[in-house]
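These are my notebook entries on a structure I looked through piece by piece. I wrote each entry as I went, beginning with a question I wanted to settle.

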Amino acid sequence: MCDGPGCRPGEQTPRVGAYACCIGRYIYVCGGLSGGHVLKSVERFDTETNQWELVAPMRRARSLAAGAVIDGRIYIAGGRGNGTLCLHGVEYYTPSTDTW
């Protein structure tokens with residue numbers, strides 16, 4: 001559980017360089033960096049219950065990625081992987097099936 005400076009209440013993993021977006025009542029936080037490690041984990045915040053939960057992780061760990069919400073899906077493109085590796089390609093998340 002994240003309980004240090006910069007953490008949001010109930011968030012599991014403190015992170016920087018993540019992509020964040022909203023779909024309906026949920027705020028999604030995808031990837032980023034935590035303790036020098038690139039993350040593929042995704043958390044969402046339910047604005048009605050004020051609770052964080054983990055959802056399906058991305059296929060690739062990414063920080064500093066670009067993203068967009070199109071037709072209810074989260075699209076993530078590029079970014080940095082482990083080390084200074086620049087990532088190519090796009091993946092998308094479908095909330096109704098919790099899959100990437």
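Over the ring of which residue does the charged end of Arg 44 sit? I looked this up and found that the charged end of Arg 44 sits over the ring of Tyr 26, at 3.9 Å from the ring centre. I note here that the model is a predicted one.

**Entry on the aromatic rings**

Staying with Tyr 26, I followed the ring pairs and saw that they link Tyr 26, Tyr 28, Tyr 93 and Trp 100 into a cluster. I then counted the aromatic pairs, and the count comes to five. One of them is made by Tyr 75 and Tyr 92, whose ring centres are 5.3 Å apart and whose planes stand at 35° to each other, and this pair is tilted. The pair links distant parts of the chain, since Tyr 75 belongs to strand 8 and Tyr 92 to strand 9, with their positions 17 residues apart. I also looked up how open these two residues are: Tyr 75 has a relative accessibility of 24% and counts as partly exposed, and Tyr 92 is partly exposed as well, with 36%.

For Tyr 93 and Trp 100 I noted ring centres 5.2 Å apart and planes at 45°, so this pair is tilted. Are Tyr 93 and Trp 100 buried or exposed? Both Tyr 93 and Trp 100 turn out to be buried.

**Entry on the sheet**

Next I turned to an open sheet of three strands, which has the order 7-8-9 and antiparallel pairing. Why is one side of strand 7 and of strand 9 left without a neighbour in the sheet? Strand 7 (66-70) and strand 9 (90-93) stand at the edges and have a single partner strand each, so one side of each lacks a neighbour there. On average, neighbouring strands of this sheet are turned by 20° against each other, when direction is ignored.

I looked more carefully at the pairing of strand 7 with strand 8 (residues 73-77), and found that the two run antiparallel and are joined by five bridges. As one example I wrote down Ala 68, whose bridge partner in strand 8 is Tyr 75, and this is the tyrosine that forms the tilted aromatic pair with Tyr 92.

**Entry on Gly 81**

Between strand 8 and strand 9 there is a loop, and Gly 81 lies in it. I checked the accessibility of Gly 81 and found a relative accessible area of 3%; buried means under 20%, so Gly 81 is buried. Leaving aside residues up to four places away in sequence, I listed what Gly 81 touches, namely Val 38, Ala 61 and Leu 87. I also looked up Ala 65, which is 16 residues from Gly 81 along the chain, and the C-alpha atoms of the two are separated by 9.5 Å.

**Entry on two backbone angles**

Finally I looked up phi for Asn 50, which is near 55°, a positive value in a residue other than glycine. Asn 50 has its place in the loop between strand 5 (42-46) and strand 6 (51-55), and Asn 50 is exposed, with a relative accessible area of 52%. Leu 64 is not a glycine either, and yet I found a positive phi of about 55° for it. Leu 64 lies in the loop between strand 6 and strand 7, and with a relative accessible area of 60% Leu 64 is exposed.

Notes: Residues are numbered from 1 along each chain as its sequence is written. This is a predicted model: local features need pLDDT of at least 70, side-chain atom pairs count only at pLDDT 80 or more; totals for chains, interfaces and linings use all residues. Side-chain values use heavy atoms; hydrogens and water are left out. Two strands pair if DSSP finds at least two bridges between them. Helices (H or I, at least four residues) and strands (E, at least two) are DSSP runs, numbered from the N terminus. Axes are lines fitted to C-alpha atoms, for helices over the stretch in contact, and angles run from 0 to 180 degrees between N-to-C directions. Buried means under 20% relative accessible area, exposed over 50%, partly exposed in between (1.4 Å probe, protein chains only). Contact means heavy atoms within 4.5 Å. Rings of Phe, Tyr and Trp (its six-membered ring) pair if their centres lie within 6.5 Å; planes under 30 degrees apart count as stacked, over 60 as edge-to-face and the rest as tilted. A charge sits over a ring if NZ of Lys or CZ of Arg is within 6 Å of the ring centre and within 35 degrees of the ring normal.
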